[in-house]
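Welcome! Please open the structure in your viewer, switch to a cartoon view, and let's walk through it together.

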Amino acid sequence: MTKVISVTSGKGGVGKSSVAIGLANAFAFRKKRVLIMELDIGLRCIDLMLGVENEVVYDLGDIVCQRCNVYDAIIRKNDISYIAAPPNISPEFSFQKVVELINKLKGEFDYIIIDTPAGLGISILSIRNLADIALIVTTPDSVCIRDAAKVALMAEESGFTNYKLIVNKVNKLNIKKAGISDLDEIIDSVGAQLIGVIPDDASYRITLNKGLPLDRKSSVADVFCAISKRIDSEYAPLIIDKL
């Protein structure tokens with residue numbers, strides 16, 4: 001059965017897209033069929049991070065507006081399937097059509113990862129109407145933490161309770177600068193169960209900036225693989241690197 005994962009945040013710049021790609025790689029390493037669907041309309045970036053920016057001919061907007069077949073818009077890279085967000089929104093585009101598309105694709109993939117835009121609009125819609133699990137991404141920053149807490153609260157108010165916390169871009173220095181005592185303080189502030197801590201890793205940033213594949217022997221890959229197993233309710237230790 002397909003598991004739909006919404007990767008979301010209250011504030012932009014926390015690294016949702018890098019989390020979506022890292023998680024997709026982890027599932028691919030485990031020989032799972034995985035699709036990333038990018039919903040950040042007008043601000044897509046995953047094509048660059050995957051190194052397929054010159055391969056995008058059709059996007060999500062073309063699919064839902066019936067300008068192309070869904071399979072014409074799916075790009076494959078490093079065992080990951082990807083549908084790019086449209087560069088702008090058209091009058092024919094609607095969230096309900098996205099829901100119908102994802103329902104159509106269920107069964108063809110083991111996991112569909114939805115990279116949502118930051119904020120409380122489409123993010124909350126995708127959580128409420130599509131997701132089996134929502135991953136709320138924050139960084140060790142007071143503003144990002146407060147906004148992540150708002151996402152968790154709104155998800156709860158909508159009746160969705162299967163949301164988990166990922167703390168991204170973590171190292172001792174940025175935690176100290178933010179005046180945060182420890183990770184428990186972030187967990188308590190957001191009010192969500194911690195499922196992963198991703199280190200602020202320069203090599204992973206370079207990998208994404210150059211559109212290169214994730215090194216499966218890297219420490220970041222180990223973190224994402226552990227998160228992917230916990231999503232499936234398998235035991236995996238919480239890896240906290242470089243802290």
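The stops below go from the sheet to the helices and then to the aromatic rings. Keep in mind that this is a predicted model.

**Stop 1: the sheet.** Begin by colouring the strands. There are eight of them in an open sheet with mixed pairing, ordered 3-4-2-5-1-6-7-8. To find the edges, select residues 75-77 (strand 3) and 193-199 (strand 8), each of which pairs on one side only. Now turn the view and follow the twist, which averages 25° from one strand to the next.

**Stop 2: a pair of strands.** Next, select residues 133-138, strand 6, and residues 163-170, strand 7; they run parallel and are joined by five bridges. Which residue of strand 7 is the bridge partner of T138? Look for V167.

**Stop 3: two helices on the sheet.** Select residues 16-29 to see helix 1, which lies across several strands, among them strand 1, strand 2 and strand 5. Helix 1 runs at about 170° to strand 5. Then pick residues 183-190: this is helix 9, lying across strand 6, strand 7 and strand 8, at about 140° to strand 7.

**Stop 4: aromatic pairs.** The whole structure holds two of these. Show the side chains of F27 and Y111, whose rings are stacked at 3.7 Å centre to centre, with 15° between the planes. F27 sits in helix 1 and Y111 in strand 5, 84 residues apart. F27 counts as buried because its relative accessibility is 0%.

Finally, show Y204 and F224, a tilted pair with 5.9 Å between centres and 55° between planes. Y204 belongs to helix 10 and F224 to helix 11, so this pair ties together parts 20 residues apart in sequence. Both Y204 and F224 are buried.

Technical notes: Residues are numbered from 1 along each chain as its sequence is written. This is a predicted model: local features need pLDDT of at least 70, side-chain atom pairs count only at pLDDT 80 or more; totals for chains, interfaces and linings use all residues. Side-chain values use heavy atoms; hydrogens and water are left out. Two strands pair if DSSP finds at least two bridges between them. Helices (H or I, at least four residues) and strands (E, at least two) are DSSP runs, numbered from the N terminus. Axes are lines fitted to C-alpha atoms, for helices over the stretch in contact, and angles run from 0 to 180 degrees between N-to-C directions. Contact means heavy atoms within 4.5 Å. Rings of Phe, Tyr and Trp (its six-membered ring) pair if their centres lie within 6.5 Å; planes under 30 degrees apart count as stacked, over 60 as edge-to-face and the rest as tilted. Buried means under 20% relative accessible area, exposed over 50%, partly exposed in between (1.4 Å probe, protein chains only).
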